[in-house]
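Hi,

Here's the structure I promised to pass along. Have a look, and my notes follow underneath.

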Amino acid sequence: TGVVPRRRGNAHPTISPYETFAASDGWLNIGVANDKFWALFCELTGLNEIVADPRFARATDRAVNRAELQKIIAPVIRKETRKFWVEKLAKAGIPSGEIKTVGEVCDAEQLSVREQVYSIDHPAAGVVRGIGSAIRFGDKPTPVRLRPPMLGEHTNEILKEWLGLSESECESFARQGAFGAASRDSKKDAEAAE
């Protein structure tokens with residue numbers, strides 16, 4: 001058309017419906033890429049009356065009338081779960097997929113099998129969950145995971161190792177407030193927690 005498509009967030013600029021929809025338990029992507037899939041989609045969703053509607057009959061019509069189409073499709077998708085729609089659409093070959101929450105991702109079996117999500121004790125925060133590196137080398141075990149440090153917990157260690165400062169120099173800087181008020185107490189807090 002010679003017109004540069006504007007941004008549409010999760011919606012495809014020239015194909016509709018090819019975007020995210022709210023199901024009864026969260027969001028999913030649905031990609032009705034062509035007229036063949038459009039007819040299948042209408043049949044699966046019980047929207048047979050709009051398959052030949054002139055506003056939506058061809059892919060270009062659906063793209064032009066996206067807002068109207070959304071108003072018709074959205075309530076239908078919202079009636080069922082993400083899993084329901086993904087399974088139903090997959091049987092027809094229509095691309096779709098659940099959009100998982102962060103919690104669902106962290107609890108996914110593939111992450112636990114690969115030991116990607118781990119728990120570690122923290123002196124101030126209790127048990128903290130984290131995501132490990134996805135990089136693996138052969139059958140080597142995952143690297144040892146350390147808890148997040150307390151504020152200023154390793155300041156003296158780093159200053160000694162990197163700058164060659166003595167313990168007394170580090171303490172002198174801390175007393176003068178060089179590391180902020182929190183750094184004076186964080187070492188004590190970390191030692192007390194251990």
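**Helix H3 and what surrounds it**

In H3, the buried residues (under 20% relative accessible area, 1.4 Å probe, protein chains only) are Arg-66, Leu-69, Ile-73, Ala-74, Val-76 and Ile-77. Bear in mind that this is a predicted model: local features need pLDDT of at least 70, side-chain atom pairs count only at pLDDT 80 or more, and totals for chains, interfaces and linings use all residues. Numbering runs from 1 along each chain as its sequence is written, and side-chain values use heavy atoms, with hydrogens and water left out.

The cover over those buried H3 residues includes strands E1 (18-23) and E2 (26-31), plus helices H1 (35-45), H2 (59-64) and H4 (82-92). Helices here are DSSP runs (H or I) of at least four residues and strands (E) of at least two, numbered from the N terminus. H3 itself covers residues 66-78, and has a kink of about 25° at Ile-72, shortly before Pro-75. That angle is between axes fitted to the seven residues ending there and the seven starting there.

Over in H2 sits Arg-62, which is buried, with a relative accessible area of 0%. A polar atom of its side chain lies 2.9 Å from the backbone oxygen of Phe-56. Arg-62 also touches (heavy atoms within 4.5 Å) Leu-69, Trp-38 and Asp-35, among others.

As for the whole chain, there are nine helices and five strands. The C-alpha trace spans about 85 × 40 × 35 Å along its principal axes, and 29% of the 194 residues count as buried.

Cheers

Technical notes:
Expected span 1.5 Å × (residues − 1). Buried < 20%, exposed > 50% of the residue type's maximum accessible area, 1.4 Å probe, protein only. Polar contact = N/O pair within 3.5 Å; in protein donor to acceptor, adjacent residues only side chain to side chain. Lists of a residue's contacts leave out its neighbours within four places in sequence.
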